[in-house]
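Reader: Please take one part of this model and go through it closely, then connect it to what lies around it. I would like plain statements with the numbers attached.

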Amino acid sequence: MADSARAYSAYSGRASSCCEEAGSLLDAPAEVTCLASTDDKIVVGTAKGRLQTWRLHGGGSAVLHAAAQLSASAVDQLQLLPAVGIVLHRCSGAVGAHGIDDLHPAAAIHQSRATLFDADGARAPVGRLAVCAGHSMVWVYDLEAKPQLVWRRVLPEPTRALRLDSQSALAAGGLAPR
């Protein structure tokens with residue numbers, strides 16, 4: 001297992017061989033930078049800016065379903081919103097959305113300096129997205145047909161953590177421990 005990455009099913013705990021099958025698509029297992037999953041799919045982000053959707057099948061197998069090239073830079077963060085039908089990603093400081101099933105481009109949401117994000121997809125068909133950007137800005141968007149900025153705030157400290165739910169956006173700031 002040292003030579004290959006494996007995805008584990010949250011409900012069975014058994015290893016899936018998706019990354020062994022992906023060997024010809026990925027230059028190296030270390031290339032995977034982030035992943036997100038539902039009961040029947042895994043979405044993988046890579047160090048070379050690729051996004052891949054793998055369909056999970058019975059018996060612990062997975063098949064590559066779709067792929068998209070986002071940029072030449074690493075995909076740093078992913079979050080799936082199945083109720084809304086999108087996968088959110090952060091790559092090169094920008095946050096965007098692709099269709100969850102076929103990875104078609106859905107929207108470029110926040111264009112620069114994003115350091116992290118969190119989304120709440122429970123309000124289907126419209127989700128909400130919070131983005132930390134730059135030194136201490138928090139931006140909140142409604143994910144409608146065309147994403148719309150709901151509000152933004154400048155915080156007194158750099159933002160280190162962010163959580164969004166249907167009622168509030170929580171941001172934690174301060175200096176990182178040394």
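Author: S92 sits in the loop that joins strand 8 to strand 9. In this predicted model, the phi of S92 is positive, about 55°, although S92 is not a glycine. S92 is classed as partly exposed because its relative accessible area is 45%, and the class in question runs from 20% to 50%.

A second residue with a positive phi can be set beside S92. R113 is also not a glycine, and its phi is near 65°. R113 belongs to the loop between strand 10 and strand 11. Its relative accessibility is 57%, so R113 counts as exposed, the cut-off for that class being over 50%.

The strands on either side of S92 lead to the second largest pocket. Strand 8 (86-91), strand 9 (94-99) and strand 10 (105-110) are the elements that each give two or more residues to its lining. Strand 9 supplies the largest share, five residues. The pocket holds about 180 Å³ of space. It is lined by 13 residues, and those closest to its centre are H89, A94, V95, G96 and A108. By class, the lining consists of nine nonpolar and four polar residues, with no charged residue.

Strands 8 and 9 also enter the largest nonpolar core. This core has 16 residues, of which L88, I109, L129, V131 and L143 touch the most other members. At least two residues of the core come from each of strand 8, strand 9, strand 11 (114-120), strand 12 (127-133) and strand 13. The largest share, four residues, is that of strand 13. Nonpolar side chains tend to be buried together in soluble globular proteins.

I109 shows how the parts meet. Leaving out residues up to four places away in sequence, I109 touches L88, V95, G96, A97, L129, Y141, L143 and P147. V95 and G96 in that list are also among the residues closest to the centre of the second largest pocket. Apart from the largest core lies another one, of 13 residues, including A68, V75, L80 and V87.

Strand 13 (residues 137-143) also contains D142. D142 counts as buried because its relative accessibility is 13%, under the 20% cut-off. The side chain of D142 makes a polar contact with the side chain of R128, at 2.9 Å.

E31, in the loop between helix 1 (18-21) and strand 3 (32-37), is another acidic residue to look at. Its relative accessibility is 6%, so E31 counts as buried. Its side chain makes a polar contact with that of R50, at 3.0 Å.

E157 lies in the loop between strand 14 (148-154) and strand 15 (159-164). With a relative accessibility of 40%, E157 counts as partly exposed. E157 and H135 are 22 residues apart in sequence, and their C-alpha atoms are 7.7 Å apart in space.

For the chain as a whole, there is one helix and there are 16 strands. The chain has 178 residues, of which 42% count as buried. Among contacts between residues at least 6 apart in sequence, 34% join residues at least 24 apart.

Conventions
Residues numbered from 1 in each chain as written. Predicted model: local features only at pLDDT ≥ 70, side-chain atom pairs only at ≥ 80, totals over all residues. Heavy atoms only, no water. 1 Å grid on protein atoms, 1.4 Å probe; cavity = no way out; pocket = protein on both sides within 12 Å on 5 of 7 lines; lining within 4 Å. Points joined across faces, edges and corners; volume = space filled by probe spheres on them. Nonpolar A, V, L, I, M, F, W, Y, C, P; charged D, E, K, R; others polar. Buried < 20%, exposed > 50% of the residue type's maximum accessible area, 1.4 Å probe, protein only. Polar contact = N/O pair within 3.5 Å; in protein donor to acceptor, adjacent residues only side chain to side chain. Core = buried A, V, L, I, M, F, W, Y, C linked by side-chain atoms within 4.5 Å. Contact = heavy atoms within 4.5 Å.
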